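This report walks through a few parts of one protein chain. Look at the sequence and the model first, then read on.

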Amino acid sequence: MSEQLSILHVIARLNVGGAALHVLQLAREQSRRGHDVVVVAGTLAAGEESMEYVADELGVEVIGLPALQRELSLRADGAAIRELRRLIRARRPDVVHTHTAKAGATGRIAALLAGRARPRSIVHTYHGHVLSGYFSPVRERIFRLIERALARPTSALLAVSEEVRNDLVDYGVAPRERFTIVPYGFDPPVWSEVDERSRERVRSELGLDDDTLAIGWAGRLTPIKRPLDLIRTLRGVLDAGVDAVLVVVGDGDDRPKAEALATTLGVADRCRFVGFHRNIREWYAAFDVFLLTSLNEGTPVVAFEALGAGRPVVATAAGGTAAVVLDGVSGFLVPVGDVAGLSDRVVRLARDPDLRTRLGAAGSEDVRLRYATGRMADELEAVYQRTTR
């Protein structure tokens, strides 16, 4: 039997997204296996929605750390390091496992400075990275130097996909052999009559006919997700003569720009911006096709969820998306920014309901086989046991 461990997960914030959901589900599974697990989470950024309700539903202990925040601040970051160091000295965990860039920096520094309470293992998971496409070139160079420095004393460096690992190697964070790939794990619910009823109700509320193709999207409307390409893709689908509506579940800074472009392109009446919703499952039930237009992704949890609900995914081949969406098997992939390609694949699915059904069923089966929570926990257990000896 594996050694029972005290594990401290540190994440910048429990905002709506794949990293937070991953950490909470992982903590639940590790607790179920007998480990002593707690999650430390920082402050949400302005306008972000919280996923702390998921922690409550799963019975995961969460400690809030207000000083740990997304924005760069020498004062706040210094305070976060001191508070994390005090927490580590008080709890004396065997493993400190950090997630996301800011928590990865402050958490690892705190663990390294914990003196006699320094954990036996310091593990960091790269759910993606902010080394390109997020900040100015000067900041990106600084972040790369910080990541390289922190990688050296870290017991294990984990990446959620080969694509993320390859980017980190290319940016010189650490040699390839230092990384272990541990894909996400999720256990999507099996389709049921409840989903069928949800589909009928939600589509009725949206004013969708049975023959109208519902193109779905979910997440944060931010530049890295390229939400304007959602609108451009819809325009292309409508120009091909398809009766379609775009349903956008979520909010963010780019929502006004997306709504404005919808008006400019004459598709505002074919868009439904419904805002943030906790019960995302009923929205996947209402969709016919899921669309993902991102510039960069670590591992897109929305793609897992859509495929788990039996919905084919049309996506850009950004970051780890190609590891989740199998081109021609569970959906289609095109290069980032290829709006014509996205439109073409959506049109193909609109005109071939049997193809939609076939790809959706294949995707549902595939994510259940390759991305089970138990598999993920097993792989992390092996990492912990190896690095705590």
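Which residues of α5 are buried? In this predicted model, they are E140, F143, R144, E147, L150 and A151. They all lie on the same side of α5, because they cover an arc of only 135 degrees around the axis. Helix α5 itself has 15 residues, and the distance from its first C-alpha to its last is 21 Å. That is close to the 21 Å expected at 1.5 Å a residue.

V138 also belongs to α5, which runs over residues 137-151. Together with I142 and I146, V138 makes a nonpolar surface patch of about 240 Å². V138 is partly exposed, since its relative accessible area is 48%, and the range for that class lies between 20% and 50%.

**Helix α11**

A second helix, α11 (residues 301-308), is mostly covered, with 7 of its 8 residues buried. The buried ones are V301, V302, A303, F304, A306, L307 and G308. Just after α11 comes G310, which takes a positive phi of about 80 degrees.

**Strands β12 and β13**

Strand β12 (residues 313-316) pairs with β13 in the parallel sense, over 4 bridges. Within this pairing, V313 stands opposite G331 in β13. Strand β13 covers residues 331-334, and both of its faces are covered. On one side G331 and L333 are buried, and on the other side F332 and V334 are buried.

**Salt bridges**

How many salt bridges does a search of the whole structure find? The count is 26. The table gives three of them, with the distance between nitrogen and oxygen.

| Pair | N to O distance |
|---|---|
| R120 and E3 | 2.7 Å |
| D94 and R120 | 3.1 Å |
| R375 and E379 | 3.4 Å |

R120 forms a salt bridge with E3. This pair links distant parts of the chain: R120 is in the loop between α4 (101-112) and β5 (121-126), while E3 is in the segment before β1 (6-11), 117 residues apart. R120 is partly exposed, with a relative accessible area of 38%. E3 is partly exposed as well, at 35%.

R120 also forms a salt bridge with D94. Why does this pair tie together parts that are 26 residues apart in sequence? The reason is where the two residues sit: D94 lies in the loop between α3 (74-91) and β4 (95-99), and R120 lies in the loop between α4 and β5. D94 counts as buried because its relative accessibility is 18%, and the cut-off for buried is under 20%.

The side chains of R375 and E379 meet in a salt bridge as well. Both residues are in helix α15 (residues 373-387), and they are separated by about one helical turn because they are 4 residues apart. E379 is partly exposed, with a relative accessible area of 30%.

Salt bridges can also join into a network, as they do for E29, R32, R33 and D378.

**Summary**

In short, the buried residues of α5 lie on the same side of the helix, while V138, I142 and I146 make a nonpolar surface patch. Helix α11 is mostly covered, and strand β13 is covered on both faces. R120 takes part in a salt bridge with E3 and in another with D94.

How values were computed:
Residues numbered from 1 in each chain as written. Predicted model: local features only at pLDDT ≥ 70, side-chain atom pairs only at ≥ 80, totals over all residues. Heavy atoms only, no water. Patch = residues over 30% accessible without salt bridge, like charges linked within 9 Å, V, L, I, M, F, W, Y side chains within 5 Å. Areas by Shrake-Rupley, 256 points an atom, 1.4 Å probe, with all protein chains shown as cover. Salt bridge = Lys/Arg side-chain N within 4 Å of Asp/Glu carboxyl O. Buried < 20%, exposed > 50% of the residue type's maximum accessible area, 1.4 Å probe, protein only. Pairing = 2+ DSSP bridges. Expected span 1.5 Å × (residues − 1). Arc of directions from axis to C-beta.
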